[in-house]
Amino acid sequence: MSFLKLENIKKKFGDATVIKGVSLSAEKGEFVVFVGPSGCGKSTLLRMIAGLEDVSEGRLDIDGRDVTYEEPAKREVSMVFQSYALYPHMTVFENMAFGLRMAKIPEAEIKQRVGEAARILQIDVLLDRKPRALSGGQRQRVAIGRSIVRHPKIFLFDEPLSNLDAELRAQMRVEIARLHRNLGATMVYVTHDQIEAMTLADRIVVLRAGLVEQIGSPTELYDRPANIFVAGFIGSPKMNFVSATVLGIEGGAIRIGHPSFVGGSLSASPRIGGPLPKAGDKIIVGLRPEHLTLRSDRPVLTLTLDLMENLGGSTQVYARSGADSVTLLTPGRPAMQPGDSFGAGIDPDHIYLFNEDGAAL
Amino acid sequence: MAQSKAVPNRGYGRWTPFWFLAPAVSALLLVGIYPTIFALVTSFRQYNITRPRDGYPFIGFSNYASVLTDGTFWTSLGTTAQFYLTVLPVQIVLGLSIALLLHKPGLGLLKSLARVTLVVPLATTYAVVGLIGRLIFNRDFGVANQFLDTIGIGGFDWLGSTSGAFAAIAIMDIWQWTPFCALFFLAGLSMVPGEIEEAARLETSSKLAMLRYVQLPYLLPSLTALLILRSADVLKLFDMVFVMTRGGPGSATDLISIYIQRVGFRVFDLGMASAQAILLLILTIVISRLYIRVLYRENY
């Protein structure tokens, strides 16, 4: 039985429907990440699970109990906010103890639980400080500590790392992953950062404009994106899309024509299956920057160099193929000049295909 | 060249700021600082304007000595303290309740209407409040007695009885100043960051705990300012009470400022009245410092 279950959840603000019917479920101990561009409704969805936002329609179950209209404090969830939301007039200890005191837990147990959480998060020396005397990273640890001590059924994270600098963000990401492994707790995490989504999640829910685009493990989303949106959202740098035409079907493979393809065409097999396109149909070819190789023995694409960004160990190459721009990520520092023409190769297994409507083939 | 480096070109002359500030400063000098200094000087003089031939000689602290040994002064101060302790708790509790109601989300239009309505008592002149009070608490045709009639208690002589008159001025003061407290607290409540309130909502469903542990700390600066303003205000509350009761019946509503006015403009002993006023000023400052020390916390 699923631990967290959303059934056709909708959210309306006046006439505007921002969540247009989301159904999903999570198992106990699972790490679920909601990801999507800003305005996709991922935070609203999380806040509805927390109870901070009313559910307009649908049903929400936590641990087999209908909590659709339950008060936030009675849902046994805890939340880590983007702004940390620590009580400024309380010490770190009091911040972490507040929820427990409200729940009338004996003081001795509070001490023990807070101490334990502080040890896990390495903030035991900060317990007597006020939040304003803490750095951003320390505040975030306290906010996480405040969640841990309550032993909630579900941990909710609302973009918890976006106020931290890049280095600290990477460090906290690892710590949250470790925390999840050690506690074995169910976590729901909202982010717009697809790297956080890829590295933390057991399952990613990709949202767009209030609807679920795809739910799956990070590998699934990377290897078998359901549509162009997911394909473009997961992976960095973004996947390249080249609009081409179907020339014909040869066995299981589709023969695709485009002036930039070496020899004018290339052959690729669909990953997902479903109805095959007919000759003459438009087709979109997806190529991940990291799969494209420079100086290949069997180049597939002919490109014109636009610009190169030296990342030190690797180079991000911006090139053009006719009207479409193509990005490549290549190790080393290739010696090329803007305007140079060059060939790029790719393993045919790494070619993604989408039909005209954007659905994956 | 060296000089032009030392004095940066700010685009205005040396005296420009002075001229911009001059009107405000001179107005302040005229209506605030000069009278205070005048009162301070007068308080050390024998200054009775009905007896100009006596002159206005300096008599040291003897005005202060008379004030401090004057039983009526202490009685009036006591009445004022009683008034303060009666109205302020009611204003704070009512004001906070109104603020909490207005702070709750929803009903946007009605709430902005309510907020505007709150300003009406504040914008009413004290003397007018007094006049309204006289009408409301009139024994024969006032609405207060009409209301009492409907619940079966009739003919209460509000302004003619000691407890009635005190209650009447207290009610009018509460009417006038509760909205002020409400607006102050509302401003304080809106200082609480939304995410902090939400974090608390996840930890407790008790509204009282929320108020006590999360919102109240943010209200302390408002509360301090409010207590200081109200103490100063009650100590100089004059017009409304004067219009309603003139301090009577007997000395039931003889607040300190009414008494000072009587000493100053009935007895015309301005030296004594000034000494009383200066003592009140000192009292106000002491009370304010006390509130700041006990209640005020630096902003987070």
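Select helix 10 and helix 13 of chain B in this predicted model: helix 10 of chain B passes helix 13 of chain B in a right-handed crossing. The contact between the two has 12 nonpolar, four polar and no charged residues. Two packed helices are described by the angle between their axes and the distance between the axes. For helix 10 (residues 207-235) of chain B and helix 13 (residues 270-295) of chain B, the angle is about 165° and the axes are 10 Å apart. Helix 10 of chain B is therefore roughly antiparallel to helix 13 of chain B, because angles over 145 degrees count as such.

Next, display the side chains at this contact. From helix 10 of chain B, the participants include B:Leu220, B:Leu223, B:Thr224 and B:Leu227. They belong to a group that meets residues of helix 13 of chain B, among them B:Leu280, B:Leu283, B:Thr284 and B:Ile287.

**The side of chain B that touches chain A**

Keep helix 10 of chain B selected and add chain A. In this view, 15 residues of chain B are in contact with 19 residues of chain A. Helix 9 (194-203) and helix 10 of chain B each supply at least two residues of the side of chain B that touches chain A. The largest share of that side, seven residues, comes from helix 9 of chain B. By class, the side of chain B that touches chain A has nine nonpolar, two polar and four charged residues. For the complex, the predictor gives an ipTM of 0.82 and a pTM of 0.80.

Now colour chain B by pLDDT. The average for chain B is 88, and 96% of the residues score at least 70. Among the elements of chain B, helix 4 (residues 71-103) of chain B has the highest mean pLDDT (93), whereas helix 1 (residues 2-6) of chain B has the lowest (53). Where pLDDT is low, the predicted coordinates should not be read in detail.

**A five-stranded sheet in chain A**

Move to chain A and select strands 13, 12, 11, 14 and 20 of chain A, given here in their order in an open sheet with antiparallel pairing. Strand 13 (265-268) and strand 20 (351-355) of chain A are the edge strands, each pairing on one side only. From one strand to the next, the twist averages 40°. At the strand 13 edge, four bridges join strand 12 (residues 253-257) of chain A to strand 13 of chain A. To locate one of the bridge pairs, select A:Gly257 and its partner A:Ser265 in strand 13 of chain A.

**Strand 16 and its partners**

Select strand 16 (residues 301-310) of chain A. It pairs with strand 19 (residues 341-345) of chain A in the antiparallel sense over four bridges, and A:Leu303 stands opposite A:Phe342 in strand 19 of chain A. Six bridges join strand 16 of chain A to strand 17 (residues 314-321) of chain A, again antiparallel, with A:Thr304 opposite A:Arg320. Strands 16 and 17 of chain A form a hairpin with three residues between them. In its turn, A:Gly312 has a positive phi of about 95°.

**Two backbone details in chain A**

Most residues other than glycine have a negative phi, and most peptide bonds are trans. Select A:Asn8 in strand 1 (residues 4-13) of chain A: although A:Asn8 is not a glycine, its phi is positive, about 45°. Finally, centre on A:Pro237, in the loop between helix 8 (228-233) and strand 11 (240-250) of chain A. The peptide bond from A:Ser236 to A:Pro237 is cis, with omega near -5°.

Technical notes. Residues numbered from 1 in each chain as written. Chains lettered and ligands numbered in written order. Predicted model: local features only at pLDDT ≥ 70, side-chain atom pairs only at ≥ 80, totals over all residues. Axes fitted to C-alpha atoms, helices over the stretch in contact; angles between N-to-C directions. Parallel < 35°, antiparallel > 145°, perpendicular 65-115°, else oblique. Left-handed = near helix turned anticlockwise from the far one by under 90°. Contact = placed C-beta atoms within 7 Å. Nonpolar A, V, L, I, M, F, W, Y, C, P; charged D, E, K, R; others polar. Pairing = 2+ DSSP bridges. pLDDT = per-residue confidence, 0-100.
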